[in-house]
Amino acid sequence: MNKFPFNYFTKSLIVITILVNIISGNLSAQSKNPSPLHFPTPKNIDNMLFYVQRDPNTNTAIYALNYQENGKISKSNPIKAYWIRYAEKGEKADFNYIQRKFAYGIESKSLNNEEFELQFVSYKKLPLTLKKVDSDQKYHVFVSVNQKKIQVEKIFVRIEGGSFWLPNVKYAEVTGIDVSSNKTITERMLLK
């Protein structure tokens, strides 16, 4: 396999994955080219941090805290990721090997006892931070997009055509709480 298709594949999948989630009915005014699909909002998901949705179907990638039996999060693998297959009666399913290793998986690095650096395996240009917040003593995921620090709630990846290995990713949108204003915002990113 030559280098160009693999790099393109990696960028495309990360985009899909990482962005990984902003969707549903409130894509905001930025969404001039919304998906024709109606995406459900995941509800009552234990320890969910954020989720990713993308064309071409409503299946949703869930990213949740990975607690150990002792009640503490796993230092080596703080995030547990899996599908809710809304297109298939809402069943829960683990990522398969390719999805986990090349598209939707998350790599983590411990920065200290309460903070981790996260990256989607498919798009390493968007570092995320998982950390415990003093105000509520809960873990949240943060990212900087367009010079705004956002507490991530969802990521949506817009795909128009392409193939499984080379999807045509138009953009990704991150929706969450703007840390400076404490208001819900959606920021769009063109992935390169």
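**A note on the salt bridges**

At 38% relative accessibility, glutamate 88 counts as partly exposed. That makes a handy way into this predicted model, so here are a few points on its charged pairs, starting with the partner of glutamate 88.

1. Glutamate 88 pairs with arginine 85 through a salt bridge, with 3.6 Å from N to O. The two ends sit in unlike settings: arginine 85 has a relative accessible area of 19% and is buried, because the cut-off for buried is under 20%, while glutamate 88 is partly exposed at 38%.

2. Across the whole structure, a search turns up eight salt bridges. One of them joins arginine 158 to aspartate 55, and their closest N and O atoms lie 2.4 Å apart. This pair ties together distant parts of the chain, 103 residues apart. Arginine 158 belongs to strand β9 (residues 148-162), whereas aspartate 55 is in the loop between β1 (48-54) and β2 (57-65).

3. Are the two partners of that link buried or exposed? Arginine 158 is buried, at 7% relative accessible area, and aspartate 55 is buried too, at 5%.

4. Arginine 158 also meets the side chain of glutamate 160 in a salt bridge, at 3.3 Å from N to O. Glutamate 160 is partly exposed, with a relative accessible area of 27%.

5. Which residues make up the network around these contacts? Salt bridges link Asp55, Arg158, Glu160 and Lys170. In general, side chains of opposite charge can pair when their charged atoms come close.

Notes
Residues are numbered from 1 along each chain as its sequence is written. This is a predicted model: local features need pLDDT of at least 70, side-chain atom pairs count only at pLDDT 80 or more; totals for chains, interfaces and linings use all residues. Side-chain values use heavy atoms; hydrogens and water are left out. A salt bridge is a side-chain nitrogen of Lys or Arg within 4 Å of a carboxyl oxygen of Asp or Glu. Helices (H or I, at least four residues) and strands (E, at least two) are DSSP runs, numbered from the N terminus. Buried means under 20% relative accessible area, exposed over 50%, partly exposed in between (1.4 Å probe, protein chains only).
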